[in-house]
Amino acid sequence: MRQHIAAIIVAAGRGTRAGTGVPKQWRMLAGRIVLAHTLDAFRQAGVTRLVVVVHPDDLDKADTLRAPDVAIVLGGDTRTASVRAALEALEGDAPRHVLIHDGARPLLSPTVIGDVCAALDHAVAAAPALPVVDALWRGENGQVAAAVSRADLFRAQTPQGFEFRAILAAHRAHLGDAADDVEIARAAGIETRITQGADDNLKLTYQTDFDRAERLIAARRRDDMDIRLGNGFDVHRFGPGKGCWLCGVLVPHERALQGHSDADVGMHALSDAIYGALAEGDIGRHFPPSDPQWKGAESHIFLRHAVGLMHARGYRLNNCDVTLICERPKIGPHAAAMQAALAAIMGCDMGQISVKATTSERLGFTGREEGIAAIATACLSRG
Ligand SMILES: Nc1ccn([C@@H]2O[C@H](COP(=O)(O)OP(=O)(O)OP(=O)(O)O)[C@@H](O)[C@H]2O)c(=O)n1
Ligand SMILES: C[C@](O)(CO)[C@H](O)COP(=O)(O)O
């Protein structure tokens, strides 16, 4: 939660460039009102105080946005006047920081918001932007009149973030209009740090922007739906030796597991679950047992390889679940250490990893303590 931050979402424009009819911020985009997408991005970023600035003619439409975290404020004739109205409305219970965002930028990501918020820990003002990458020309009568240097040029985006008191004072002191709030802050002598913008954070200005935004959301939804499951199963027999490697932890025992590698049966099952989710076979395909270089190999090599492949394919781990099947050694006292070891290898949070154990009621080879079996499930998603 970002307790000391409020977000102002300006949505009082008429959207004339996007065409006639309903103003763009109230139109449907991928099945939802544009502003509903915008508000959700802030909620996902943990901003819980949202001020939406609307045109008086749109008050009835604003009813659809009403929620405990949303305040509605009436805007003015210009974007600058709309922002000012919201700043004044917040003053009675002033936040420490304020983010000012175009309602017409519905595809902003929690990452862009988070980067601005992080920059505000060290700066009075911060805003996202993208460097200009194309060559620039000045045109006259449909002809190229001159080349213009693109060095140091950026395309400004929102949300633009400020110390609340500083931007309120800057707005109060500002005469006339401005393209954005950074211009107003700079006029008051406030330096603004540039944070990473995003191509997707486009402003809906023309109808073609709606078409592009629809395509981007459709692609995001396809990615969100791309969830993959894999399972793995492995068995190693007991033999001479002391202690068993299980999920990256050497567990004291009067015997050791036998195998071509270090025989970490839990880590093998987990690696196979990840390979399975990627439809990439199993450990044996990537590390053939016939290859002497893997003799006695530490099993984290296999797991790291599976995780590397997962990232290379554009997936990340949602969660995984490993079950060790044995009478002894007892796993419970070591389960937390195993979770920690796997998390360190996989570069994820311990909460994403479950390690548990069961006996087989003294039945079968595990019941007779001839070996240990492990099953694992991994769930991956895009991104
Ligand atoms: N008087 C105004 C004018 C603009 N905005 C908001 O400022 C953002 C960026 O402005 P722009 O894209 O220029 O929106 P419009 O002014 O609505 O567009 P147009 O210029 O095409 O009419 C939009 O979310 C818009 O709703 C506002 O709150 N109050
Ligand atoms: C604030 C802004 O989004 C920064 O890029 C932009 O200036 C507002 O939109 P407009 O089309 O320039 O009115």
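This report walks through the domains, two strand neighbourhoods and two ligand sites of a predicted model.

## Two domains

Let's start with the overall layout. The chain splits into domain 1, covering 5-224, and domain 2, covering 226-382. If you take the C-alpha centre of each, domain 1 and domain 2 sit 48 Å apart.

## Strand E1 and its neighbours

Strand E1 spans residues 5-11, and seven of its seven residues are buried, so the rest of the structure largely encloses it. Which residues point which way from E1? Ile5, Ala7, Ile9 and Ala11 go one way, while Ala6, Ile8 and Val10 go the other, and all of them are buried. That fits a general pattern: side chains in a regular strand alternate between the two faces of the sheet.

E1 has strand partners too. Strand E6 (residues 97-102) runs parallel to E1 and is joined to it by six bridges. Look for Ile9 here, with His101 of E6 standing opposite. Strand E4 (residues 50-54) also runs parallel to E1, this time with five bridges between them. On that side, Ala7 faces Leu50 in E4.

## Around ligand 1

How many residues surround ligand 1? There are 22, and the ones that come nearest are Val10, Ala12, Gly13, Arg17 and Ser82. Val10 is a residue we've already met, as one of those pointing the other way from Ile5 in E1.

Strand E1 and helix H3 (79-90) each give at least two residues to this shell. Sorted by class, the shell around ligand 1 holds six nonpolar, 10 polar and six charged residues.

## Around ligand 2

Ligand 2 has its own set of neighbours: Asp102, Ala156, Gln157, Thr158, Ala179, Asp180, Lys203 and Thr205. By class, that makes two nonpolar, three polar and three charged residues around ligand 2. If you're tracing the strands, note that strand E6 covers residues 97-102, and Asp102 is among the residues around ligand 2.

## A five-stranded open sheet

Now for another part of the chain. Five strands form an open sheet in the order E16-E13-E19-E17-E18, and their pairing is mixed. Strand E16 (256-257) and strand E18 (353-358) are the edges, each pairing on one side only.

What joins E18 to strand E17 (residues 315-325)? Six bridges do, and E17 and E18 run parallel. One pair to pick out is Ile325 with its bridge partner in E18, Thr358.

Definitions and conventions
Residues are numbered from 1 along each chain as its sequence is written. Chains are lettered from A and ligands numbered from 1 in the order in which they are written. This is a predicted model: local features need pLDDT of at least 70, side-chain atom pairs count only at pLDDT 80 or more; totals for chains, interfaces and linings use all residues. A residue is near a molecule or strand if its C-beta atom, placed from the backbone, lies within 6 Å of it. Ala, Val, Leu, Ile, Met, Phe, Trp, Tyr, Cys and Pro count as nonpolar, Asp, Glu, Lys and Arg as charged, and the others, Gly among them, as polar. A residue is buried if 20 or more other C-beta atoms lie within 10 Å of its own, exposed if 12 or fewer, and partly exposed in between; C-beta atoms are placed from the backbone. Helices (H or I, at least four residues) and strands (E, at least two) are DSSP runs, numbered from the N terminus. Two strands pair if DSSP finds at least two bridges between them. Domain bounds come from an automatic or database domain assignment.
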